[in-house]
Amino acid sequence: HQAQPLHHQPLQQALLARQVQQLHLQHHQQALLARQAQPLLLQHHQLAPLVHRAQRPHLQQVLRALQAQLLHLQPHQLAQQALQAQQHHLQLLQQALQALPLHLQPHQQALLALQAQLLHLQPHQQAHQAQQLHLRPHQLALLAHQAQPLLLQHHQQVPQVQQLHL
């Protein structure tokens, strides 16, 4: 059994022959292009090392510029780190300052207690001073009484000393 009628076969064969011819032509065109491209490819392979050699100084310059940029950025980075450290230090100081009133509170309370004690002692001190002022005339009188015999002795000795002197 044949699936297609016999009169269709030559038409199909002609179509296949045409496709084969087109593929054959395409192959020849590609071969021609490959032959034309060969010297260009060769030239590219010859020029590539020269291009690489010519690019090397430029690439080295770019590398040096990048290294210089990194070196230039380094102090800025260090400055930033220093600033961060300073900020941390300031935060610690701030915390210490905030804690200071709590630390000082017992000292302030002790100071207030001392001031209260001084105020309490003041009347006693004033009474003591008043007592001393009250006793002073009596002390002076006692001293005068004790000095009397010495004064008397002195008055008795004065004429004797004057006579000896003459």
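**Views of a one-helix model**

**View 1. The whole protein holds one helix and zero strands.** Helices here are DSSP runs of H or I with at least four residues, strands are runs of E with at least two, and both are numbered from the N terminus. The radius of gyration, taken over C-alpha atoms, is 62 Å, well over the 15 Å that the globule rule (2.2 Å times the number of residues to the power 0.38) gives for 166 residues, so the protein is more spread out than a compact globule. Along the principal axes, the C-alpha atoms fill a box of roughly 185 × 60 × 15 Å. This is a predicted model, in which local features need pLDDT of at least 70. Residues are numbered from 1 along each chain as its sequence is written.

**View 2. Helix α1 has a kink of about 40° at Gln148.** The proline Pro149 follows shortly after. The bend is the angle between axes fitted to the seven residues ending at a residue and the seven starting there.

**View 3. Val51 sits in helix α1.** Val51 is partly exposed, with a relative accessible area of 42% (buried is under 20%, exposed over 50%, partly exposed in between, with a 1.4 Å probe and protein chains only). Across the protein, 0% of the 166 residues count as buried.

How values were computed
This is a predicted model: local features need pLDDT of at least 70, side-chain atom pairs count only at pLDDT 80 or more; totals for chains, interfaces and linings use all residues. Side-chain values use heavy atoms; hydrogens and water are left out.
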